[in-house]
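Trainee: I should like to work through this model by question and answer, with the reasoning set out at each step. May we begin once the structure is displayed?

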Amino acid sequence: MSVTRHPGAVPGAPAPAPAGPVHSLPTRLHALERLLGDPDDPANPVGRAAVLDADERGEMLAAGEDALHTYGLHTEFVPAGLGGRLTRLDHLVEVMRAVYRRDPCLGLGHGAASFIAAVNIWTAGDAEQQAAAAESLRRGGRIAVGYHELAHGNDMARTEFTARLRGDRLVLDGCKEVITNARRADALVLLARTSTAPGSRSHSQLLVPSADIPAGRLTHLPRYRTTGMRGVQLGGLRFDSCPLPAASVLGGTPGRGLETALRSFQVTRTTLVSMSVGIVDTALDTALRHVRDRRLYGRTAADLPHVRSVLTGVYVDLLTADCFATVATRALHLLPGETAIHAQAVKYVVAGILMDAVNRLSGVLGAHFYLREGPSALFQKLLRDIQPVGFGHAARAACQTSLLPQLPLLARRAWREHTTPPAALFAVGEELPPLDFGALALSAGGRESLSTSIEAALGDLPDGAGPAYGSGPAYGLLRAHAERFAREPARLAEACAALDPGELSVAASPFAYDLTTRYTTLLTAAACVGTWSWARRAGIPELSEPAWAAAALHRLSTPRGAAPRALPRPLEDALWERLVERHRTGGGYTLLPRAPHHPADAGGRTQ
């Protein structure tokens with residue numbers, strides 16, 4: 001199904017701006033920021049104080065949900081061809097990052113949970129099912145998805161929840177657990193076993209309007225209490241001989257449930273991890289506020305070299321994570337045949353970077369990181385709320401395992417053929433072709449062009465002569481690391497081509513798992529080099545500077561399990577100044593500077 005462009009209406013949004021820089025953000029972000037208001041205002045019902053109060057109670061922030069309903073957040077999840085605003089996944093990510101920055105519970109509980117369910121409908125639903133889901137979401141309704149059963153974790157092929165055909169009815173029996181908004185959903189997407197035959201065609205997905213479930217056939221299990229994301233309502237469902245129309249099967253054809261899930265995961269794993277970048281953006285800002293106000297040994301904590309080094313390293317890592325996540329998100333539009341690999345790699349690499357970044361920031365805050373009161377009180381919530389990025393939806397380890405059988409195929413094809421990806425893959429913020437859910441492939445089949453793209457970018461790198469900011473040192477470091485990563489496909493091809501079949505499953509040795517780590521690191525490095533190279537040719541401010549890319553590759557070159565490598569001092573000093581400037585202007589810490597919380601403070605910029 002193709003998605004066509006349709007801007008949608010946003011309450012209070014400014015008129016579309018004249019064509020500006022290709023790297024602009026969606027203009028409707030202004031409307032969302034105005035509705036959310038100043039996070040530092042203690043009287044703001046959606047400010048930090050209110051967010052923390054709701055977290056203490058273990059509740060969703062009602063005023064936040066009201067604001068997002070007014071904005072029409074769920075319309076962001078509906079393809080434009082069905083009356084929504086979804087034309088570009090990168091714009092959806094930017095909108096959702098604004099929510100995650102304010103309160104991750106709102107991001108997941110009010111937003112992303114319905115998006116996860118809806119993608120299955122856009123991928124496999126028939127026209128009637130898609131129209132009904134789109135109408136519900138546009139009205140602000142919620143859709144919940146039930147994939148998992150605690151007994152089987154990520155192994156969905158062992159699903160015990162059944163939907164058996166009896167006459168012209170499907171009869172549902174069994175439990176689904178750990179479902180976001182199980183009680184609050186207007187409709188459910190459920191993965192069920194519809195056949196006793198072995199193999200992947202024994203499962204289907206069902207679209208079940210909550211109002212159609214007969215009385216007495218559904219029991220809501222007690223809510224799960226969690227350490228992080230306390231406000232998100234996680235529940236379970238038990239169906240007892242529950243009859244439903246046979247037409248409840250998503251798409252009308254049984255047996256495609258796992259196939260649909262695998263295609264949908266390519267979209268949701270990539271974008272949800274990318275949305276979570278907003279959590280680290282706020283965590284870094286909170287830490288910067290703290291160290292600039294905190295006085296130690298006769299100076300501010302920000303004056304201490306070690307503190308600066310940690311914060312600058314986190315800034316670089318956040319840019320690195322954002323870069324790979326953004327490239328992978330653009331690939332869903334541009335290279336849908338390859339994203340079965342990208343999605344697994346993003347979940348494994350980016351989620352790890354994000355969790356590690358917040359953990360390192362906690363060391364900078366010291367005893368203040370766990371205080372639930374005071375100026376830095378939000379940090380302890382962010383530290384808890386970031387953890388599900390590593391296991392929610394699918395565990396990082398499961399994604400790593402899924403990459404193992406791809407390695408020999410990549411060794412025989414991608415790492416020998418050296419296909420060049422389109423330049424638009426790295427063009428952050430530029431236009432994208434329509435999103436086609438039907439083009440997402442179940443397997444990349446050894447086709448993948450990102451990992452071999454570094455060699456083509458080496459021509460953009462001078463030998464290293466240049467003035468200090470580091471043009472010279474930064475270029476030299478960038479070239480040295482880029483050349484090393486450019487040789488990595490050949491080394492990986494040699495190692496992976498000889499892998500024993502027994503090394504391609506959960507029983508693989510540490511050596512085989514290390515190969516997946518090397519490969520996903522290569523993908524991340526290639527995203528950074530490609531983005532910098534494109535920005536240099538396009539003359540994009542900040543992104544075209546070599547410092548961030550050189551620093552990103554320097555830190556990615558750290559051996560697995562070792563502490564991140566310290567940056568050369570001139571490079572660290574330059575990036576610290578950039579970080580402080582971003583903090584001063586309120587532009588955030590991701591690839592694209594964002595508007596401050598108050599649009600009037602943006603100096604007339606159009607985002």
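Trainee: Which residue forms a salt bridge with Arg 142?
Mentor: The model is a predicted one. A salt bridge needs a side-chain nitrogen of Lys or Arg within 4 Å of a carboxyl oxygen of Asp or Glu, and here the closest N and O atoms are 3.1 Å apart. The pair links distant parts of the chain, 77 residues apart, with Arg 142 in the loop between helix 6 and strand 1 and its partner in helix 3. The partner of Arg 142 is Glu 65.

Trainee: Is Arg 142 buried or exposed?
Mentor: Buried means under 20% relative accessible area. Arg 142 has a relative accessibility of 16%, so this residue counts as buried. Its partner Glu 65, with a relative accessible area of 10%, is likewise buried. For Arg 142, then, the class is buried.

Trainee: How many residues apart are Arg 330 and Asp 90?
Mentor: These two residues form a salt bridge, with 3.7 Å between the closest N and O atoms. Arg 330 lies in helix 9 and Asp 90 in helix 4, distant parts of the chain that the pair links. Their separation is 240 residues.

Trainee: Why does Asp 90 count as buried?
Mentor: The class requires a relative accessible area under 20%. Arg 330, the partner in the salt bridge, is buried because its relative accessibility is 0%. Asp 90 meets the cut-off too, because its relative accessible area is 11%.

Trainee: Which residues are linked with Lys 381 and Asp 103 in a network of salt bridges?
Mentor: Lys 381 and Asp 103 form a salt bridge with their closest N and O atoms 3.1 Å apart. The pair joins helix 11, which holds Lys 381, to the loop between helix 4 and helix 5, which holds Asp 103, across 278 residues. Both residues are buried. The network also contains Asp 55, Arg 230, Arg 384 and Asp 385.

Trainee: How many salt bridges does the count give?
Mentor: Side chains of opposite charge can pair when their charged atoms come close. With the cut-off of 4 Å between nitrogen and oxygen, the count comes to 39.

Trainee: How many disulfides are there?
Mentor: A disulfide requires two cysteine sulfur atoms within 2.5 Å. For Cys 528 the nearest cysteine sulfur is that of Cys 323, 4.1 Å away, and Cys 528 is in no disulfide. Cys 528 is buried, with a relative accessible area of 0%. The number of disulfides is 0.

Trainee: How are helix 9 and helix 18 oriented to each other?
Mentor: The axes of helix 9 and helix 18 come within 9 Å and cross at roughly 90 degrees. Angles of 65 to 115 degrees fall in one class, so the orientation of helix 9 and helix 18 is roughly perpendicular.

Trainee: How many nonpolar residues does the contact of helix 9 with helix 18 have?
Mentor: Helix 9 contributes Thr 320, Cys 323, Phe 324 and Val 327, which meet Leu 523, Thr 524, Ala 527, Cys 528 and Thr 531 of helix 18. By class, this contact has no charged residues and 3 polar ones, and its nonpolar residues number 6.

Trainee: How many of the residues of helix 1 are buried?
Mentor: Helix 1 spans residues 29–36 and is mostly covered. Its buried residues are Leu 29, His 30, Ala 31, Leu 32, Glu 33 and Leu 36. What covers them includes helix 3 and helix 4. The number buried is 6 of 8.

Trainee: What is the phi of Asn 181?
Mentor: Most residues other than glycine have a negative phi. Asn 181 is not a glycine, yet its phi is positive. This residue is found in the loop between strand 3 and strand 4, and it is buried, with a relative accessible area of 1%. The phi of Asn 181 is about 65 degrees.

Trainee: Where is Ser 241 placed?
Mentor: Ser 241 has a positive phi near 45 degrees, though it is a residue other than glycine. With a relative accessible area of 35%, Ser 241 is partly exposed. Its place is in strand 7, residues 234–245.

Notes:
Residues numbered from 1 in each chain as written. Predicted model: local features only at pLDDT ≥ 70, side-chain atom pairs only at ≥ 80, totals over all residues. Heavy atoms only, no water. Helix = DSSP H or I, 4+ residues; strand = E, 2+ residues; numbered from the N terminus. Buried < 20%, exposed > 50% of the residue type's maximum accessible area, 1.4 Å probe, protein only. Contact = heavy atoms within 4.5 Å. Axes fitted to C-alpha atoms, helices over the stretch in contact; angles between N-to-C directions. Parallel < 35°, antiparallel > 145°, perpendicular 65-115°, else oblique. Nonpolar A, V, L, I, M, F, W, Y, C, P; charged D, E, K, R; others polar.
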